[in-house]
Amino acid sequence: MERRDEAAKEGETGGWETPRRAECRIPAATRCPPPPRKKSPAVAFGKRRDPPKNGYFHPPDLEALFALAPRREACA
């Protein structure tokens with residue numbers, strides 16, 4: 001009779017079962033870390049930056065990049 005019970009059990013599960021050992025279980029969810037803190041508005045907006053030590057970059061031909069080429073007149 002035990003054999004029939006085992007055969008019936010195998011028929012229900014197809015011979016496969018979910019492992020129930022502790023090392024096979026999904027670990028419990030851990031707590032998420034807190035979100036990063038915002039910077040205080042006094043620090044972010046009230047502080048002025050010093051100008052760069054070497055000065056700002058001024059390319060010598062910057063105006064040439066934006067200069068318009070002379071228009072050609074249409075042939076009549």
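**Exercise 1.** Decide from its relative accessibility whether Cys-24 is buried, partly exposed or exposed.

*Solution.* Cys-24 has a relative accessibility of 35%, so it counts as partly exposed, given that buried means under 20% relative accessible area, exposed over 50%, and partly exposed in between (1.4 Å probe, protein chains only). The structure is a predicted model, in which local features need pLDDT of at least 70 and side-chain atom pairs count only at pLDDT 80 or more, while totals for chains, interfaces and linings use all residues. Residues are numbered from 1 along each chain as its sequence is written, and side-chain values use heavy atoms, with hydrogens and water left out.

Now take a second cysteine: Cys-32 has a relative accessible area of 66%, and therefore it is exposed. As a last step, turn to the chain as a whole, where 0% of the 76 residues count as buried.

**Exercise 2.** Find how many disulfides the structure has.

*Solution.* Apply the rule that a disulfide is a pair of cysteine sulfur atoms within 2.5 Å; the count then comes to zero.

**Exercise 3.** Describe the elements of the chain, in order, and the confidence attached to them.

*Solution.* Begin with the count, which gives three helices and zero strands (DSSP runs numbered from the N terminus: H or I of at least four residues, and E of at least two). Read from the N terminus on, the order is α-α-α. Next comes pLDDT, the predictor's confidence in each residue, from 0 to 100: helix H1, residues 2-13, has the lowest mean among the elements, at 58, and H3 has the highest, at 75. For the whole chain the mean is 75, and 70% of the residues reach 70 or more. Where pLDDT is low, the predicted coordinates should not be read in detail.

Finally, look inside helix H3, which covers residues 62-66 and includes Leu-65; this leucine has a relative accessible area of 63%, so it is exposed.

**Exercise 4.** Find which side chains meet in a salt bridge.

*Solution.* A search of the whole structure finds one salt bridge (a side-chain nitrogen of Lys or Arg within 4 Å of a carboxyl oxygen of Asp or Glu). The partners are Arg-21 and Glu-23, at 3.6 Å from N to O. Checking Glu-23 as well, we find a relative accessible area of 63%, so this residue is exposed.
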